[in-house]
Amino acid sequence: MQTRPMRLGPLEDGQRVIIIGGGPAGSSCAIALKNLGRKLGRDIDVILYEGMQYGPDSIKRVGVLAPPLVQTLENTLGVNFPCQLVARKIVGYYLHSGRYSIRLYMGGNLSYVAHNVALDAYLLGMASRMGVRVLSGRVKDIKINHHEVSVEGESGGTRGDVLVGAFGLDPFTAGLLERVTPYRRPRALYSIVTKIPAPVEYLLGCEDYIHVFLPSMVEVEFGVVTPKLTHFTVNIAGRRVSHEALRRFLALPEVARLVPTDALAAWYTSGGLVSPPIPFPLEPARNGYGDRYVTVGDAAGLVRAYKGNGINAACVTGAKAAEVMLTAGISHEAFLYHYFHAFSDIIKDLPYGRAVRRLVLFGEGYGLLPLVLRAAGKDRTLVNVLIDFLSGHKTYHKILKDWGGVELIYRFLKGLLPWMPPARVDMARPAEVTMGRPIPR
């Protein structure tokens with residue numbers, strides 16, 4: 001009969017952490033280990049494997065940095081926010097469905113547009129300067145036992161005391177961890193991303209808004225068009241996204257109205273660069289932690305259900321895992337009570353996130369979403385609810401608690417049926433800008 005090892009306490013001076021993945025989650029964990037370790041008088045040896053090579057024109061993600069990231073980098077990780085990487089400030093969203101759109105101003109909560117891989121390179125460089133050893137090449141094997149972990153990579157093997165999985169949803173590396181632990185990767189949606197070059201003068205004339213589309217397309221749950229300084233970044237998400245689905249999305253009148261015809265034509269002619277399908281998690285991983293291992297970022301799936309802010313979530317989970325390893329331990333119990341439970345609000349919000357996703361899909365399938373936007377264009381409260389849903393600052397449960405589900409349904413019906421009695425006017429948080437209007441044909 002196998003016995004469980006004795007409790008594995010906090011990391012001590014000279015112990016080694018092996019991190020697989022050099023994205024925001026892995027780099028944040030490495031930075032936090034070095035920073036907090038030094039504050040506690042411990043020099044933690046950190047080795048980070050990074051197998052992906054991205055050039056300046058690579059497409060890895062959309063590159064929108066949400067407002068909480070500034071505080072996360074500066075207050076949690078102790079590194080400066082890379083202002084030099086900001087290409088554009090975003091002040092709000094346009095939400096489109098069919099022939100209707102609504103403009104949602106975020107009230108000063110700015111987002112920032114950066115290059116797809118610039119933040120990754122910045123954080124990985126910061127980790128390297130702090131003494132983290134970065135090894136290039138993919139990991140080929142993982143072993144974990146009661147006494148140590150070992151990793152074999154293309155650039156050599158190493159042994160350590162604990163493993164941090166920051167490999168996103170890479171199926172090969174996730175499979176390696178699944179073979180030696182009870183870890184099971186999260187269910188995922190898939191996104192594909194492309195760049196559509198456009199004249200600088202045209203892009204400078206665009207409003208500083210991100211355009212979110214909820215189309216009536218079976219393959220596409222939502223699409224996003226983000227204006228940058230030299231191009232539009234376009235991404236679509238769903239379970240079965242494809243190049244053909246992207247082409248049909250770009251041909252929608254509400255999308256074609258935003259992107260210049262000449263730019264679209266040039267993209268079609270050149271066979272524009274399109275990323276492979278990029279997975280993003282819908283729920284937490286199963287057994288995302290255990291004795292001598294923990295997962296962070298997308299590999300852990302600890303992200304807001306059906307919302308963005310994935311980069312911020314990656315940095316937060318990486319920093320929290322580092323804190324737990326240094327102050328509580330590297331055992332299953334330490335990660336359960338001090339890491340996993342720290343994100344209990346995300347876990348509890350999952351049923352609400354699933355319900356929202358089903359409602360959106362139902363609305364897309366039956367053409368109801370334009371009616372929602374039309375109703376919101378007449379009601380400040382509905383606009384503020386849409387802002388809360390898009391911003392990711394609140395859980396869905398908190399949104400419904402704050403605004404009241406029954407009242408929201410009543411306000412929606414009132415927006416569609418003018419003969420109904422007036423809804424209660426709540427001026428506690430008025431919408432700064434609201435616009436409900438048909439999109440010209």
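This report walks through the fold, the nonpolar cores, one buried proline and the salt bridges of a predicted model.

## The chain as a whole

Let's start with the overall picture. The chain has 441 residues, and 54% of them are buried. Its secondary structure adds up to 16 helices and 20 strands.

Take the contacts with a separation of 6 or more: 74% of them are between residues 24 or more positions apart. As for the outside, the accessible surface is about 19800 Å², and carbon and sulfur atoms hold 57% of that.

## Two nonpolar cores

The largest nonpolar core has 55 residues, and the members that touch the most others are Ile 19, Leu 33, Met 325 and Tyr 339. Elements giving two or more residues to this core include β1 (16–20), α1 (24–39), β2 (45–50) and α10 (332–338). The largest share, nine residues, comes from α9. Another core lies apart from this one, with 28 residues, among them Tyr 93, Leu 104, Val 212 and Leu 373.

Tyr 339 is worth a click in the viewer. Leaving out neighbours within four places in sequence, Tyr 339 is in contact with ten-odd side players you can pick out by name, including Val 294, Ala 300, Leu 302, Lys 320 and Val 324.

## A proline tucked into a loop

Pro 186 sits in the loop between α4 (171–180) and β13 (188–197). Pro 186 counts as buried because its relative accessibility is 6%, and the cut-off for buried is under 20%.

What does Pro 186 touch, not counting residues up to four places away in sequence? Its contacts include Leu 169, Pro 281, Glu 283, Asp 298 and Gly 301. Pro 281 is 95 residues away in sequence, yet the two C-alpha atoms are 5.7 Å apart.

## Salt bridges

Side chains of opposite charge can pair when their charged atoms come close. In this model there are 14 salt bridges. One of them joins Lys 34 to Asp 43, with the closest N and O atoms 3.5 Å apart. Lys 34 is buried at 5% relative accessibility, whereas Asp 43 is partly exposed at 46%.

Asp 45 and Arg 133 also meet in a salt bridge, at 3.0 Å from N to O. That pair links strand β2 with strand β8 (residues 133–136), 88 residues apart. Arg 133 is partly exposed, at 41%. Shared partners join Arg 16, Asp 45 and Arg 133 into one network.

Then there's Arg 357 with Glu 221, whose closest N and O atoms are 2.7 Å apart. Both residues are buried. Arg 357 is in helix α12 (residues 350–365), and Glu 221 is in the loop between β14 (209–213) and β15 (222–227), 136 residues apart.

How values were computed
Residues numbered from 1 in each chain as written. Predicted model: local features only at pLDDT ≥ 70, side-chain atom pairs only at ≥ 80, totals over all residues. Heavy atoms only, no water. Core = buried A, V, L, I, M, F, W, Y, C linked by side-chain atoms within 4.5 Å. Buried < 20%, exposed > 50% of the residue type's maximum accessible area, 1.4 Å probe, protein only. Helix = DSSP H or I, 4+ residues; strand = E, 2+ residues; numbered from the N terminus. Contact = heavy atoms within 4.5 Å. Areas by Shrake-Rupley, 256 points an atom, 1.4 Å probe, with all protein chains shown as cover. Salt bridge = Lys/Arg side-chain N within 4 Å of Asp/Glu carboxyl O.
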